[in-house]
Amino acid sequence: MITLQNICKTFRVAKRQAGFGHAVKALFSREYELVHALQDVSFRIYDGEMVGYIGPNGAGKSTTIKIMCGILTPDSGVCDVDGRTPWRERVAHVREIGVVFGQRSQLWWDVPIIDSFELIRDIYKVENRLFQNTLDELAALLDLGEILKTPARSLSHGQRMRCEIAASLLHQPKTLFLDEPTIGLDATAKIAFRQFIKKLNAEHGTTVILTTHDMQDIEALTGRILLIGNGRILLDGSLADLKKHASESKTLIVEYVGAMPALCDGMTLSEAKEGRIVVTVDPSALSVSDAIIRLAAQTELLDVSVSGASSEEMVAALYKEYRI
Amino acid sequence: MKKYRALFRIRFINALQYRAAAVAGMTTQFAWGFMEIFAFAAFYRVSRAAFPMTFSQTVSYIWMQQAFLALFMMWFWENDIADAVVSGGIAYEMVRPLDLYSRWFCQVAANRLARALLRCAPILIVAFLVPEPYRMSLPPDLTQLFLFLLSTALSLGVVVSFSLLIYISLFYMLSPMGVRIIVAVFSDFLAGAIVPLPFFPESLRALVEMLPFAAMQNMPLRIYSGNIAGADAWQGIALQLFWLAALLLAGRFAMDRALKKVIVQGG
């Protein structure tokens, strides 16, 4: 179980105005700005949960992950992961966790992947037979096969990410931290990755904590969402809770021939060009079917599509609502 | 211990990948070695007695220095570590169940050893084959050879623990270039990498021989060439032990402090 209580972290960032004069001045006296990366962050994650940790860039996601991994010491507050304080008992703590930083690499650039894996085996003191079993399982699930004999530098980004994920799981951690794992992956690779993580959670009961900007990751993987903004936890709940905050409005994309139809109450025009309009319909004022009837009465419709708010839009709306 | 051995191994494998670098390095070392020896030969021709080391001692000093350059030179720079600190890749090293100081020590030592082993043989062979008086001689006796090996190991320890202090300082600085250049220039000069310490002026020499830099290549190379022998050699080894212990303690202390306030760069 992971418990965070009143965690605060402040960074001091050197600031100066643009220009030569200010650069020279900064040589002698520097101005610092305090950035409150985390303010009073508290939450609890139970074993076997899959939690999506979202928020805009700079909200404090990575800072929280780093604190939970024992890399960063917070200014105040309590963090307890399975009875340990990560930064005080770092070595014992990190043995139980696996981490994937989507923007960094843990593989040795110039040697075959398998050499990197064997190093990890020795660092975590994984018994040889257990290691072989885990490796076989991971290789089958992530389709590693021949890749294992190739140096990391010759792999594509997708192949390398599969190896990164395998590398983080070789010591069978209880908790897996994924910091933007799907960054830069193509659609197929993302789907395969999500299936793999789901299976891992179902079969091994691994707790998964995931930060991402890809809402499809969240939809596919996590039952629970933590929304962070400006260093505070703003929302802790399910995807359905998140939807409550989003507006109910529907979007109609209409293609037509002839004159542009006039809009009535309950419709707002969000985009218009020759032969195509995008209309937002507020269902409390006008039902979707009425809206379509109105439009069809005025002109000849070629195509109509109706969609609700996507998760992406919901999150954007939430960011706006909380002014983050 | 096994995990550090494994780290050592992968470093070794990694260093073996770079064949072209090894060939280029050896070529430079041959050229440099010959140049240095010819320059000294010219000085010795003027007056043989005016120098603190015999010509054959100087020749052995230079050849051994070139053969084991990778073990001793401060300007050898571990880019991986510097990059990890400066770019934030250090995050991955900190989520490993390893003591970071030991890990770095192991990494730097392994890299130096791997490079030295890969390059020393051709240089040694040539150094033993070239005509007198440019040929390298064997150490005076077996004890001296043993003392040389012991001193080399300690020297490597001192070099590595000293360079770790510089890598730790990177936690506080954003660009490694400045420290790197200043430290490389000063320490290689004071260690006798450019001119052996006996050639220093008397007053300066007394001071320099007490510094940690004197516990680097100065000691093993002079023991090998026979310039330092017997009790003096043991005294030198004691100095190396002292500096090794001091630098290790200082390094661990500095690392603990740095990690408490470390900020991982770049998101």
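Student: Which residue in β2(A) stands opposite R12(A)?

Tutor: R12(A) stands opposite L34(A) there. Before we go on, two notes on the model. It is a predicted model, where local features need pLDDT of at least 70, side-chain atom pairs count only at pLDDT 80 or more, and totals for chains, interfaces and linings use all residues, while side-chain values use heavy atoms and leave out hydrogens and water. Residues are numbered from 1 along each chain as its sequence is written, with chains lettered from A and ligands numbered from 1 in the order in which they are written.

Student: How do you know that β1(A) and β2(A) pair?

Tutor: Start with the terms. Helices (H or I, at least four residues) and strands (E, at least two) are DSSP runs, numbered from the N terminus. Two strands pair if DSSP finds at least two bridges between them. Strand β1 of chain A, residues 2–15, has 11 bridges to β2(A), in the antiparallel sense, so the definition is met. One of the bridges joins A14(A) to Y32(A).

Student: And what makes β1(A) and β4(A) a pair?

Tutor: They share 5 bridges, again antiparallel, against the at least two required. I2(A) has V81(A) as its bridge partner in β4(A).

Student: Which strands are the edge strands of this sheet?

Tutor: The open sheet has 3 strands in the order β2-β1-β4 (chain A), with antiparallel pairing. β2 (31–45) and β4 (76–81) are called edge strands because each pairs on one side only, a pair being defined by its bridges. Neighbouring strands are turned by 30° against each other on average, direction ignored.

Student: What lies across the sheet?

Tutor: Helix α2 of chain A, residues 61–69, lies across β1, β2 and β4 and runs at about 120° to β1(A). Such angles run from 0 to 180 degrees between N-to-C directions, with axes as lines fitted to C-alpha atoms, for helices over the stretch in contact.

Student: What makes N6(A) stand out in its phi?

Tutor: Its phi is positive, about 50°, although N6(A) is not a glycine. Most residues other than glycine have a negative phi. N6(A) sits in strand β1 of chain A.

Student: Why is N6(A) called partly exposed?

Tutor: Buried means under 20% relative accessible area, exposed over 50%, and partly exposed in between (1.4 Å probe, protein chains only). N6(A) has 41%, so partly exposed is the right label.

Student: Then why does D143(A) count as exposed?

Tutor: Its relative accessibility is 56%, and the cut-off for exposed is over 50%. D143(A) is in the loop between α5 and α6 (157–169) of chain A, and has a positive phi near 55° without being a glycine.

Student: Why are α8(B) and α9(B) called roughly antiparallel?

Tutor: Their axes come within 11 Å and cross at roughly 160°. Angles under 35 degrees count as roughly parallel, over 145 as roughly antiparallel, 65 to 115 as roughly perpendicular and the rest as oblique. The pair is therefore roughly antiparallel. F162(B), I166(B) and S169(B) of α8(B) make the contact with V179(B), V183(B) and S187(B) of α9(B), where contact means heavy atoms within 4.5 Å.

Student: Why is S151(B), in helix α8 of chain B, called buried?

Tutor: Its relative accessible area is 0%, which is under the 20% limit. Apart from neighbours within four places in sequence, S151(B) contacts M219(B), P220(B), I223(B), I237(B) and Q240(B).

Student: What makes α3(B) largely enclosed by the rest of the structure?

Tutor: 12 of its 13 residues are buried, among them W63(B), M64(B) and Q65(B). The buried residues pack against α2 (19–46), α4 (69–72), α7 (100–129), α8 (142–169) and α11 (218–225) of chain B.

Student: How do you know that the length of α3(B) is close to what is expected?

Tutor: The expected span is 1.5 Å times one less than the number of residues. For α3(B), residues 55–67, that gives 18 Å, and the helix reaches 18 Å from its first C-alpha to its last.

Student: Last one: what kind of peptide bond joins E132(B) and P133(B)?

Tutor: A cis bond, with omega about 0°. Most peptide bonds are trans. P133(B) lies in the loop between α7 and α8 of chain B.
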